[in-house]
Amino acid sequence: MKKLLFVLASCLTFSSIYAGGYRVSIQGQRALAMGHTGVAVVNSAELAFFNPAGLVFLENKLNVSAGVTGIITNTKYQNLDTRQAFETDSPVGTPINLYATYKISDKFSAGIAVYTPYGSRVDWPSDWAGGFLVNSIELSAVFINPVVSFKVNDALSIGGGPIYAIGGVNFNRSIEAVPGSESLSGPSTIELDAEGVTAWGWKASVLFRPTDKLNIGASYQSQIDINAENGDVSFQNFPGEAPQTGFNATLPLPSELTLGLSYQVNDKLLLAFDFNRAYWGAYESLDITFTDGETPDSINPRNYEDASTYRFGAQYDYNSKFTFRAGYYFDETPVASGFFSPETPRNDSHAFTGGLSFNINNNLAIDASFLYIYFAEVDESFDSPNDSAPAFGGTYKSNVFAPGLGITYKL
């Protein structure tokens with residue numbers, strides 16, 4: 001049994017309970033259509049996420065924005081030596097966002113932001129070559145962020161508030177080289193599941209308006225450590241008696257700093273630029289502790305690196321009914337060479353966005369957006385940290401298409 005438990009723990013060193021490369025940058029239909037710029041754009045309640053400091057500069061007393069996006073992903077893998085090829089078959093993801101703000105006085109505003117900044121699902125074929133790394137993984141996190149905004153003077157405001165995070169994960173992989181598994185029909189698998197994991201963080205921001213045309217903003221979100229305690233562990237098609245155990249694990253959601261500016265070129269055209277720095281270096285390793293006291297703990301090196309995103313956006317007010325938007329951003333991968341796992345098939349990407357708003361009346365508008373992400377083809381591998389399993393590498397190609405729809409209400 002000890003040998004079996006050692007093999008099990010060794011296999012788990014290749015799994016990640018929360019894929020850091022799956023930050024979902026879809027926190028507002030208007031901002032997304034403009035390349036996900038928003039730190040210095042004052043046009044809706046989406047500021048509750050992008051820059052709470054700007055809430056006091058919204059013209060209306062009450063502002064509400066809500067939206068949902070469908071994320072359609074596709075990843076292809078090929079082993080250049082064997083020519084084997086596999087493709088993910090993942091369901092459509094649907095991140096949501098809801099923002100509401102209220103101007104208490106000329107100097108104070110308050111609001112609430114509810115959004116899903118982390119979340120993904122990847123399903124590889126059950127017979128694919130990388131099953132000993134991952135068969136499927138589903139991640140989710142919802143942030144609830146009450147915020148306040150204070151106007152220091154006519155040109156400067158500050159804002160922020162606490163973040164309450166709720167998350168969960170389900171992970172399935174094949175167990176390779178388990179003694180006795182050769183006689184079974186199909187691979188033995190292990191599944192890890194943790195739901196309702198909670199944690200706290202915070203956000204702080206500032207907005208400076210030196211002229212009527214220029215806005216300069218900055219927003220910082222703290223690191224949030226997700227602690228999964230006594231998560232469920234289950235086995236399928238396991239030879240003999242399966243271990244009765246749970247697991248504990250901690251992994252960081254990185255801090256982020258975003259700087260941005262917007263410039264009103266004329267009455268119709270607005271240009272925006274955001275720079276985002278995500279401090280993924282905090283994700284050095286994912287260590288799994290098993291609660292049965294027999295299964296050896298698992299050390300999972302990740303060695304993520306800090307990464308930057310460069311975002312560009314434009315907004316054009318065509319007439320009183322229609323506003324058009326377009327944008328682009330370049331997103332660096334945090335995944336280091338030699339740590340490229342099919343659970344996070346994420347490399348440098350180029351994103352193209354667009355959308356529009358249709359003003360039904362002076363108070364209500366429908367917002368539409370679309371996003372296409374092209375991940376540069378990469379030939380990479382996940383190298384074994386020990387001799388218990390081989391390195392796994394090949395060529396990956398990925399893309400994402402995400403249409404979104406939302407509403408904006410102001411009163």
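Which backbone oxygen does the side chain of Ser157 reach? In this predicted model, the answer is the backbone oxygen of Ala53, at 2.7 Å. Ser157 belongs to strand β7 and has a relative accessibility of 0%, so it counts as buried. Apart from residues within four places in sequence, its contacts fall into several stretches of the chain, including Ala53, Gly54, Val56 and Phe57. Phe150, Lys151 and Val152 also touch Ser157, as do Ser205, Val206 and Leu207.

Strand β7 covers residues 156–174 and also holds Asn172. With a relative accessibility of 11%, Asn172 falls under the 20% limit and is therefore buried. In space, the C-alpha atom of Asn172 lies 4.4 Å from that of Glu191, although 19 residues separate the two in sequence. Glu191 is also one of the contacts of Asn172 beyond four places in sequence, together with Thr189 and Ile190. Further contacts of Asn172 are made with Val134, Asn135 and Ser136, and with Gln236.

Attention now turns to charged pairs. Across the whole structure, two salt bridges are found. One of them pairs Arg30 with Asp367, with 3.0 Å between the closest N and O atoms. This pair links distant parts of the chain, as Arg30 sits in helix α2 (residues 29–33) and Asp367 in strand β19 (residues 364–382), 337 residues apart. Both Arg30 and Asp367 are buried.

The side chains of Asp106 and Lys151 also form a salt bridge, at 3.5 Å from N to O. Asp106 is placed in the loop between β4 (96–103) and β5 (108–123), and Lys151 in strand β6 (residues 136–153), so this salt bridge ties together parts that are 45 residues apart in sequence. Are the two partners buried or exposed? Asp106 has a relative accessible area of 52% and is exposed, whereas Lys151, at 8%, counts as buried. Lys151 has already appeared above, among the residues in contact with Ser157.

Strand β6 also contains Pro146. The relative accessible area of Pro146 is 36%, which means that this residue is partly exposed. Along the chain, Pro146 and Ala110 are 36 residues apart, and their C-alpha atoms are separated by 7.7 Å. Beyond four places in sequence, Pro146 is in contact with Gly111 and Ile112. The remaining contacts of Pro146 are with Gly160, Gly161 and Pro162.

The pairing of strands can be followed around β12. How many bridges join strand β9 to strand β12? Eight bridges connect β9 (residues 214–221) with β12 (residues 256–264), and the two strands run antiparallel. Within this pairing, Asn215 has Ser262 of β12 as its bridge partner. Strand β12 is also joined to strand β13 (residues 269–278), here by nine bridges and again in antiparallel fashion. Thr258 stands opposite Asn276, which is in β13. The connection from β12 to β13 is a hairpin through four residues. Strand β12 is thus paired with β9 through eight bridges and with β13 through nine.

Notes. Residues numbered from 1 in each chain as written. Predicted model: local features only at pLDDT ≥ 70, side-chain atom pairs only at ≥ 80, totals over all residues. Heavy atoms only, no water. Buried < 20%, exposed > 50% of the residue type's maximum accessible area, 1.4 Å probe, protein only. Contact = heavy atoms within 4.5 Å. Polar contact = N/O pair within 3.5 Å; in protein donor to acceptor, adjacent residues only side chain to side chain. Salt bridge = Lys/Arg side-chain N within 4 Å of Asp/Glu carboxyl O. Pairing = 2+ DSSP bridges.
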